[in-house]
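Grab your viewer and a pencil: here are a few exercises to work through on one chain. Each task comes with a solution that goes step by step.

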Amino acid sequence: MSHNENRSSELRVTNSDLDRYFTFLRHVLVNTTATRAAGESLGYAAAVTESMQLARATHDAGRKIMFIGNGGSAAIASHMATDYSKNGGLRAMAMNDGATLTCLSNDLGYENVFSTQIAMHANEGDLLVAISSSGRSESITKAARAAREKGCAVMTLSGFAPGNPLRDLGDLNFYVASDQYGYVEIAHLAICHAVLDFSCGLVPPTLS
C-alpha cells in the first residue's frame with residue numbers, strides 16, 4: 001500500500017464532526033454584523049431588507065447591479081449575477097471576463113482590473129456589490145472607491161479582521177466574523193442568496 005493510500009485510509013469524519021462543523025457555520029452566519037457608511041450599526045434583518053430594496057430600486061430606475069470578487073469571491077460574483085438576472089429578473093452582471101481581466105492586469109496592474117471597468121461602464125445610480133473575504137484586496141477597495149466617484153451605491157461583504165478597509169467603503173457593509181476562507185465565502189454566498197430569495201418571496205419552511 002502506498003503512502004497516499006495509507007493517508008487516505010486515515011481520513012475519517014464522524015457525525016459529531018459534521019454536527020460541530022455545521023453548528024459553527026450557523027453561528028458564523030447568524031452573527032454576521034452590518035453597518036452603514038459611517039460605521040453606524042444596522043440590524044441584520046434591516047440590512048437585508050435595505051439590500052433587497054436597493055437592488056430592486058436600482059433595476060426599476062433602469063440601472064444595473066455589478067458584482068466583483070477575486071478567486072472564490074469571483075465565483076460568488078458570477079453565481080449571483082446569474083441568479084439575480086434569471087431568478088430575480090434584475091439587471092445584473094459580473095466583471096469577471098477572463099480576457100478582460102488578463103488584459104487589464106497585464107497592462108495596468110491587477111489592482112486596477114475592476115476600477116478600470118467601473119470607470120468605463122458604471123453609470124450614476126448603479127449598484128456595486130464588492131465581495132472580499134479579507135476586505136483588503138486592493139482591486140476590490142479601489143473598485144469601491146471608483147464606484148462612489150461615479151455616483152453608484154455600494155454594498156460590501158467582507159470578513160477576517162473587523163477593521164478591514166472594505167468595511168468602510170459601502171453604503172451597506174456585511175461583516176462575517178471569521179478568519180477562515182470557507183466559512184466567510186459560504187456566509188457571503190448565503191447572504192446574497194437570502195437577499196434574492198426573500199425578495200422573490202421564497203420564505204423557508206418551518207422545520208418540525
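**Exercise 1. Find which residues of helix 3 are buried, and work out how they sit around the axis.**

Before starting, keep in mind that this is a predicted model.

Step 1. Pick out the buried positions of helix 3: Ala47, Val48, Ser51, Ala55, Thr58 and His59.

Step 2. Look down the axis. These residues cover an arc of only 100°, which puts them on the same side of helix 3.

Step 3. Recall the general rule: an α-helix has 3.6 residues a turn, so residues three or four places apart point the same way.

Step 4. Now flip to the face turned away from the buried side of helix 3. There you'll find Ala45, Gln53 and Asp60, which are exposed.

**Exercise 2. Check the end-to-end span of helix 3 against what you'd expect at 1.5 Å a residue.**

Step 1. Helix 3 takes in residues 44-60, which makes 17 residues, and the expected span is 24 Å.

Step 2. The C-alpha atoms at its two ends are 24 Å apart, so expectation and model agree.

Step 3. See what comes after. Gly62 follows helix 3, and its phi is positive, near 80°.

**Exercise 3. Is Lys64 buried or exposed? Describe its surroundings too.**

Step 1. Locate it: Lys64 is in the loop that runs from helix 3 to strand 3.

Step 2. Apply the cut-off. Buried means under 20% relative accessible area. Lys64 has 14%, so it counts as buried.

Step 3. Look for a polar partner. A polar atom of the Lys64 side chain lies 2.9 Å from the backbone oxygen of His121.

Step 4. List the contacts, skipping residues up to four places away in sequence. Lys64 touches Thr58, Arg91, Met93, His121, Ala122, Asn123, Asp126 and Leu127.

**Exercise 4. Do the same for Gly88: where is it, and what is it in contact with?**

Step 1. Gly88 belongs to the loop between helix 4 and strand 4.

Step 2. Its relative accessible area is 12%, so Gly88 is buried.

Step 3. Leave out neighbours within four places in sequence, and Gly88 is in contact with Arg56, Asp83, Leu196 and Cys200.

Step 4. For a distance check, take Asp126, 38 residues away along the chain from Gly88: their C-alpha atoms are separated by 17 Å.

**Exercise 5. Sort out the side chains of strands 3 and 7, then find which strands they pair with.**

Step 1. The general expectation is that side chains in a regular strand alternate between the two faces of the sheet.

Step 2. Test strand 3. Ile65 and Phe67 are on one side, Met66 and Ile68 on the other, and all are buried, leaving both faces covered.

Step 3. Test strand 7. Leu172 and Phe174 point one way, Asn173 and Tyr175 the other, and all of them are buried.

Step 4. Pair up strand 3. It runs parallel to strand 4, with three bridges between them; Phe67 has Ala94 as its bridge partner there.

Step 5. Pair up strand 7. Four bridges link it in the antiparallel sense to strand 1, with Leu172 the bridge partner of Arg36. Strand 6 is also joined to strand 7 by four bridges, but runs parallel to it; here Phe174 partners Leu157.

**Exercise 6. What covers the buried residues of helix 6?**

Step 1. The buried set is Val113, Phe114, Ser115, Thr116, Gln117 and Ile118.

Step 2. Their cover includes strand 3, helix 5, strand 5 and helix 7.

Technical notes
Residues are numbered from 1 along each chain as its sequence is written. This is a predicted model: local features need pLDDT of at least 70, side-chain atom pairs count only at pLDDT 80 or more; totals for chains, interfaces and linings use all residues. Side-chain values use heavy atoms; hydrogens and water are left out. The expected span of a helix is 1.5 Å times one less than its number of residues. Buried means under 20% relative accessible area, exposed over 50%, partly exposed in between (1.4 Å probe, protein chains only). The arc is that of the directions from the helix axis to the C-beta atoms. Two strands pair if DSSP finds at least two bridges between them. A polar contact is a pair of N or O atoms within 3.5 Å; within protein, one must be able to donate a hydrogen and the other to accept it, and residues adjacent in sequence count only if both atoms are side-chain atoms. Contact means heavy atoms within 4.5 Å.
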